[in-house]
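Got your viewer open? Load the model below and keep the selection box handy, and we'll walk through it stop by stop.

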Amino acid sequence: MAKPGHGWSRAAAAQGEAEEGEDPLDARIARTGCLEQHRELQECMAERRDWRRCQEQLRAFGACMARRQQRQ
């Protein structure tokens, strides 16, 4: 199964703005420390195709990002 990602960032990569195989948004999220929560949300969305059925993953990602904001 293909890894879910962001269409606009893959397009940028195809234009040479990012290294091959690297999603710039994933790289930015990795620096926040919330990459695992983001990937779990992406996997849920790819599987269920309905954000309403991914509320647990959405809340976990949002909470992680909120904690990061509080630390700054």
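Start with the cysteines that are bonded: count them off in sequence order and the pairing comes out as 1-4, 2-3. Keep in mind that you are looking at a predicted model. There are two disulfides to find in this structure.

Select Cys 34 and Cys 64 for the 1-4 pair. Their disulfide has an S to S distance of 2.0 Å. Now zoom out a little: this pair ties together distant parts of the chain, 30 residues apart. Cys 34 sits in the loop between helix 2 and helix 3 (35-48), while Cys 64 belongs to helix 4 (residues 55-71). Look along the S-S bond and you'll find an angle of -90°, which makes the link left-handed. Cys 34 and Cys 64 are both buried.

Next, pick Cys 44 and Cys 54, the 2-3 pair. Here, too, a disulfide is formed, with the sulfur atoms 2.0 Å apart. Which parts of the chain does this pair link? Cys 44 is in helix 3, and Cys 54 lies in the loop between helix 3 and helix 4, 10 residues apart. This link is left-handed, with -95° about the S-S bond. Cys 44 and Cys 54 are buried as well.

For the last stop, jump to Asp 23, in the loop between helix 1 (7-14) and helix 2 (24-32). Is Asp 23 buried or exposed? Its relative accessibility is 10%, so Asp 23 counts as buried, since the cut-off for buried is under 20%. Show the side chain of Asp 23 and follow it to the backbone nitrogen of Leu 25, which it reaches at 2.9 Å.

Methods
Residues numbered from 1 in each chain as written. Predicted model: local features only at pLDDT ≥ 70, side-chain atom pairs only at ≥ 80, totals over all residues. Heavy atoms only, no water. Helix = DSSP H or I, 4+ residues; strand = E, 2+ residues; numbered from the N terminus. Buried < 20%, exposed > 50% of the residue type's maximum accessible area, 1.4 Å probe, protein only. Polar contact = N/O pair within 3.5 Å; in protein donor to acceptor, adjacent residues only side chain to side chain. Disulfide = S-S within 2.5 Å.
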